[in-house]
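Open the model in your viewer and keep the sequence panel beside it. The tour goes stop by stop, saying what to select and what is found there.

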Amino acid sequence: MEPVKGRPPAPLRDRARYRFDRTLARSTGTLMGWLVLICLAVVVPVSAVLVWSDPAAPRSLADRLTAVWRTSAETLRLGSATGAPLRLALSALLGLVALLGVSTLVGVVTTGLADRMAELSRGRSRVLEDGHVVVLGWSDQATTVVGELVAAQAPRRPRAVVLLADRDKAEMERALAAHLPPSARGRIICRSGPASDPDVLALVSPHTASTVLVLPSGKPAADAEVLRVLLSLRAVLGEGTDGPPVLAAVRDDRYRAPARLAAGPRGTVLETDTVTARLIAQCVGRPGLSLVLRDLLDFAGDEFHLADATAFHGDTFGTALLGHPYSCVVGLLTPDGRTLLNPPAGTPVEPGSRLIVLALDDDSTRVEDCRHLVDPAATATDDPPPDDPTRLLVLGWNRRAPLVVGQLRDTARPGSVLDVITDSTVPAPREPGSGTPTTPPSVNGTPEGATVRFRSAALSRPEALLGLDLTPYDGLVVLGPDPGEGPDRPDDWTLVTLLALRLLEERAGRQLRVVTELTDDRNRPLAPVNHGSDVIVSGKLTGLLMAQITQNRHLAPVFDELFSGDGANVLLRPASTYVRTGAEATFATVVAAARDRGDCAIGYRCHDRSAPGTDHGVRLNPPKGERRVWSAGDQVVVVGTPPGNTAARSVPPGHEKDGEEVRDGTLAPSIETR
């Protein structure tokens, strides 16, 4: 280092000390080396003086060097030498120096090991796995996603699930341990650090992973962080197309297109706020639908699979509906990769097609003709009455509220009314796909949807809630506030609101159909709602959806259509729509009757067991030969088109909108797959 002009150079002693300090600060190994050298520099010369000053020392040089070595090796004798005072003093000095050196060396080794153990506990070591699943980021979906990924693995071939987040490793492990059985924790690996840093991201070996998931956090800048993580992943994997499939989630539709570009050709982008809004809107007029969707998405029972369609080549889709005794067919995956969900019964099954089925596992999709189980005499012949206009009430406001109001307005029957009561003035919602605010929904509504009316009230005050007149409403939607920085949690306000609604129910002597959004699944049992209401935990359902797509990315278009307002949806319809009330019939009869009405039956909800319990009366994918007496309150779970839905229209090739894909004739704006 050159001295600065006009300033005298530092003394040699200070420079030597500075260089020595820098040398010691390099690493633990350097410090250990210096300690060994210092000990030898003192022990060996003093041992030589002791040998040469001993009258009984050997005469030959080789023997004296051997004695020096023996003395140096026995330096812990501390004062064991005898003879002149000088010999005693030198022996004592030698023992003290050795004691100091050994104790310091032990301390350095202990500190180095402790630092290494602390480094391991912080989760900064490299993961050497192959075929593992990488989860990047931490949010309220993390425990759900990891738990479902573990539940979906085959017992004989378990894969590791590696979680990387800028969070304390011990804290993540404690949170996961609270939601997972002890047998599943051995295949979960947690690493701590920012996933947006390519050097940190490389520690989890994403290039050898089978799938990579990117979760948005609960922070306001969560979507921007997802983009940084995707770009970091691209930097680690390179620009090639040989990397693992990537599934990312964003909250705001403005980040959907950039996230899709950053995810690459094998990426899938899920827009969580839109999916949640669609689920809330669908559950308003279909009590119990959230329970059905929860069963469809988790891996505890039946889920969607792709089955071989060779046995039905040259036949029709309607024949395939009654060709599986222990699974329910809901659609086709064509040879060119298009997804046809609930196609017409006469749709041909082409060679190379695959069936989309609801089954327990791949082994339960065997083919067997079930047409002999159909009892035509039990089939209902009357057409169901048309749905009447409804009047709905929305209490509360959050960032998803504009999407919820838009879904309710667009899917409601003509003549319906939607009242929205908020604590303050309603902000202008954004036009989908842009950041430009637009005019709030018109108070006069639209000819094709519901009339939307806004007003404000002090909803945080119980007396304001208890003063509401709920008599004219057919259903209510309760939306909690967005999470803030304060001590109050959004679910606290929601639970208080639900308590007030229960009191209003008792006063009115009637049950209200309430759809409630919660942020924490642990609060679900606390929600004071009747069995005809639905509680949606947005993070839970979104996590289940991501886990399903992770297992089979070809199912992304299936879930996109099921949770959209367009095309086929999961519906709960009265059993009397398909079979005569009081008649005993097999489930194959229900499937055949649903096929004739343009639906795919996948289960039912038993009215006498619909109260809260283990399954809430929901039974998905029953055997075709199961017989039961169908009562007036029973409901059939079908995949079909809602009444009056004209959105399931065909889009001519080449007329699709920019940045959107056409699947099965419908636009898919919320789940993007390439």
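## Stop 1: helix α18 and its surroundings

Begin at G598, the glycine that follows α18 and has a positive phi, near 85°. The model is a predicted one.

Now step back along the chain and select α18 itself, residues 587-596. Is this helix mostly covered or mostly open? It is mostly covered, with eight of its 10 residues buried. The buried ones are F587, A588, T589, V590, V591, A592, A593 and A594. To see what covers them, add α12 (317-321), β8 (328-333), β18 (584-586), β19 and β22 to the selection; the cover includes these elements. Two of them, β19 and β22 (635-640), have α18 lying across them, and the helix runs at about 130° to β19.

## Stop 2: the sheet beside it

Keep β19 and β22 selected and add β17 and β20. These make an open sheet of four strands in the order β17-β22-β19-β20, with antiparallel pairing. At its edges are β17 (569-574) and β20 (618-620), each of which pairs on one side only. From one strand to the next, the twist averages 30°.

Zoom in on β19 (residues 600-605) and β20, which pair in the antiparallel sense over three bridges. Within this pairing, select R605 and look across to V618 of β20, which stands opposite.

Next follow the chain out of β20 into the loop that leads to β21 (627-629), where N621 is found. Phi of N621 is positive, near 55°, although the residue is not a glycine. Is N621 buried or exposed? N621 is buried, because its relative accessible area is 8% and the limit for buried is under 20%.

## Stop 3: helices α10 and α13

Select residues 272-284, which form α10, and residues 401-411, which form α13. How do the two axes meet? They come within 8 Å and cross at roughly 45°, so α10 and α13 are oblique to each other. The crossing of α10 past α13 is right-handed.

Show the side chains of the contact. From α10 come D273, T274, A277, R278, I280, A281 and V284, and from α13 come L403, V404, Q407 and L408. Coloured by type, the residues of this contact divide into seven nonpolar, two polar and two charged.

Just before α13, select N398, in the loop between β11 (391-395) and α13. N398 counts as buried because its relative accessibility is 4%. Which residues does N398 touch, leaving aside neighbours within four places in sequence? They are L479, G480, P481, D482 and E517. For a distance check, pick the C-alpha atoms of N398 and P483: they are 9.3 Å apart, although 85 residues separate the two along the chain.

## Stop 4: helices α11 and α16

Select α11 (residues 289-297) and α16 (residues 538-551), whose axes come within 9 Å and cross at roughly 35°. Here α11 passes α16 in a left-handed crossing. The contact is made by R294, L296 and L297 on the α11 side and by K540, L541, L544, L545 and Q548 on the α16 side. By type, the contact of α11 with α16 holds five nonpolar residues, one polar and two charged.

## Stop 5: strand β4 and its partners

Move to β4, residues 211-214, and show its side chains: T211 and L213 point one way, V212 and V214 point the other way, and all are buried. In a regular strand, side chains alternate between the two faces of the sheet.

Add β1 (residues 133-136), which runs parallel to β4 and is joined to it by four bridges. In this pair, V134 stands opposite V212. Then add β5 (residues 246-250), also parallel to β4 and joined to it by three bridges. There, V214 has A248 as its bridge partner.

Before leaving, select S205, in the loop between α7 (198-201) and β4. S205 is a residue other than glycine with a positive phi, near 50°. S205 is buried, with a relative accessible area of 4%.

## Last stop: the whole chain

Show everything again. The protein has 18 helices and 25 strands. Of its 674 residues, 48% are buried. Among contacts between residues at least 6 apart in sequence, 74% join residues at least 24 apart.

Note on methods:
Residues numbered from 1 in each chain as written. Predicted model: local features only at pLDDT ≥ 70, side-chain atom pairs only at ≥ 80, totals over all residues. Heavy atoms only, no water. Axes fitted to C-alpha atoms, helices over the stretch in contact; angles between N-to-C directions. Helix = DSSP H or I, 4+ residues; strand = E, 2+ residues; numbered from the N terminus. Parallel < 35°, antiparallel > 145°, perpendicular 65-115°, else oblique. Left-handed = near helix turned anticlockwise from the far one by under 90°. Contact = heavy atoms within 4.5 Å. Nonpolar A, V, L, I, M, F, W, Y, C, P; charged D, E, K, R; others polar. Pairing = 2+ DSSP bridges. Buried < 20%, exposed > 50% of the residue type's maximum accessible area, 1.4 Å probe, protein only.
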